[in-house]
Amino acid sequence: MPAFMNLIQLPTDRNIRYLLVILAAIMALMAISLGGTFFSLSNLQSMSSQLPLLGIFALAMAVCMLTGGINLSIIATTNACSLVMASIITQSPDSGLMLMAALAAGLATAVVVGLANGFLIAYIGVSPILATLGMMTFINGLNVLLSGGSVISGFPDVLLFLGNGDILGIPTPLIFFGTFAFGLWVILEHTALGRAIYLIGSNEKASRFSGINTQKSLVYVYMISSILCWLAAIIMMAKFNSAKAGYGESYLLVAILASVLGGINPDGGFGRIIGIFLALVVLQALESGLNLLGVSSYLTMALWGGILIVFIGLQQYKS
Amino acid sequence: MLELSKGSISSLLKHHEFYLALLITLLVLGLSIGTEDFMTLGNIFDMTVSSAILGIMACGLFVVLIAGGIDISFPATAAIGQYLMASFVLANGGNFAIAFGIAALVGITLGLVNAILVYKLKVPAIIITIAMLNVYFGLLIYFSNGEWLYGFPDWFMDGVEVFRFTATDGYDYGLNLPMITLLVVVVFTSLLMNKTRLGRQIYAMGGNADAAHRIGMNPFGLNLFVYGYMGAMAGIAAVVQTQITQSVAPNSLMGFELTVLAAVVLGGTSMSGGKGTLLGVMLGVALLAVLKNGLTLMGVPSYWHTVLTGLIILISISMTALNEKQQAKQEA
């Protein structure tokens, strides 16, 4: 048994054990209060189609937090990408070529923002909170300015499928999320860049003196974060069937909550993708369950914050 | 003599405040020449009133940042203080002393909760206060059902006005409640941070928490004070906002935290604590106010405001960062 546990590396991580306990508690509560409704196929499906968007935002946040940074511009970047893509697609909704061009343009937007953030933080030396806060304000302004604050809608079915469809009963957004989460896991745990990310988070100066190109690595980190925003943009515009400046702003803080709940150390250096995944399941189970029970979404919002505080308290108490 | 003046000019050039003041002066000059309405008493009056809330909250956040912390939850603190204050005034009447008292007390209480959590949990303050922002706002909107409050008594609607006079443009002006409050708060914060032992201790703790602890300062007490102070400022700003808008909407302050943070860091306050001046913060607030006002007067569509604000923040923080880098190099 220990060998097996070692193999999947679960119990070595206290965070993950706590999350599993919390998750079990929520499941038990929901089973008692809601019976079968909570575990019905339709609820599980709706949960798994809602989870990916927050999940991608959490990944975009977490990868920056691993280096001891933060990215406050994720929602603004996402809206910028979706506005760029939407305005290109709607030129000619039926053309496959146009769709490709739109996706490419969205990706290019994300890369530019990521480069800008990375440059400010790594080369100019601005603190990540400030750099991404300024970037957020700037991009939000550009979004409203260039779109005139209007809604862009009318997308082809192919795009809508990416956000609302399913393959063999699995929602497509979940497949996307899974793929990218796996990709990020590979980068973090099996590449030199991943090693560098964890080292920078632990001690940036020491990493630099030991020969890691910290500046270049940081630029990559903020690029990865932005590229995840591009993915979120595709899902978001498909889900809402429209693009508009100011969509999804409430996700910003929740993404930070999900990352920290998932065991990402905000000072950098520690945390794993599997933890974030569990944290997302916890948050989503809680939200869907309370929603089924008819509890106000604002109370849920308060509960999320409360759970994070309790969770951090638990960690401190133990150590 | 020559040496001295040279020294003072070069030390001036090292200061962030100097560049901010220069930028504001240029903006003001340009606007005075470019538009007819900028340099009028009425406009300056309006500009001050509309940036009073920003200024008051900036004073609170400034103190927290100097101490090496950060508070993102204060708009929620303010909203709760505002809601309780308004409910009390609507039910029982009262006066401004009671209104400010209730709101500030609520703010201080919630601020102390933040301080205790930040200190005891030893997790970056930004995480704790983001979580608490969710808790406070979630609970407020849940219990208030998001309902607006209005129909305040006359004394509240009329506010306070002193030194009233009629200007040449035919309108009446005087120091009103937002201006008086802003003035009092700024003077008080300035005295606190520059002239008292407590203020020096806050700077010291932000500069080097370990050293401050070892020479016998009480970091927990200082933490309680700065977050409590932020809460009080949030409560006071909330009363002013209610008086200006004559109504209370539970979500009206949502998202304001980042604007205040922008104003404070624009003024050169360091995010890592210990460095920054209140003068800089006030210049940051003034810059944002003049910029917004100027763009409106010049008929620039409001869409441009955020873009330019963002651009100025990015340029300003980059300059600060480059400056610090250079100084670090010189010292090394």
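Q: How many residue pairs are in polar contact across the interface of chain B and chain A, and how do you know?
A: In this predicted model, the rule finds 0 residue pairs in polar contact across that interface, counting pairs with both residues at pLDDT 80 or more. A pair would need N or O atoms within 3.5 Å. The count of salt bridges between chain B and chain A is also 0.

Q: What makes up the side of chain B that touches chain A, by class?
A: That side has 30 nonpolar, 5 polar and 2 charged residues. Two or more residues come from each of α5 (96-121), α6 (125-144), α12 (256-266) and α14 (303-331) of chain B. The most come from α6(B), with 14 residues.

Q: What area is buried between chain B and chain A, and what share do carbon and sulfur atoms give?
A: About 3,400 Å² is buried, and carbon and sulfur atoms give 85% of this. B:I127, B:N134 and B:Y303 supply 17% of the area that chain B buries against chain A, more than any other three residues. In contact terms, 37 residues of chain B meet 40 residues of chain A.

Q: Why is the pair A:E189 and A:R272 called a salt bridge?
A: The closest N and O atoms of A:E189 and A:R272 are 3.3 Å apart; the cut-off is 4 Å, so the pair qualifies. Over all chains the count is 1 salt bridge.

Q: What does the pair A:E189 and A:R272 tie together?
A: A:E189 lies in helix α9 (residues 172-190) of chain A, and A:R272 in the loop between α13 (251-261) and α14 (273-292) of chain A, so the pair joins parts 83 residues apart in sequence.

Q: Why is A:E189 called partly exposed?
A: Its relative accessible area is 24%. Buried would need under 20% and exposed over 50%, so A:E189 falls in between.

Notes. Residues numbered from 1 in each chain as written. Chains lettered and ligands numbered in written order. Predicted model: local features only at pLDDT ≥ 70, side-chain atom pairs only at ≥ 80, totals over all residues. Heavy atoms only, no water. Contact = heavy atoms within 4.5 Å. Buried area = accessible area lost by both parts, 1.4 Å probe. Salt bridge = Lys/Arg side-chain N within 4 Å of Asp/Glu carboxyl O. Polar contact = N/O pair within 3.5 Å; in protein donor to acceptor, adjacent residues only side chain to side chain. Helix = DSSP H or I, 4+ residues; strand = E, 2+ residues; numbered from the N terminus. Nonpolar A, V, L, I, M, F, W, Y, C, P; charged D, E, K, R; others polar. Buried < 20%, exposed > 50% of the residue type's maximum accessible area, 1.4 Å probe, protein only.
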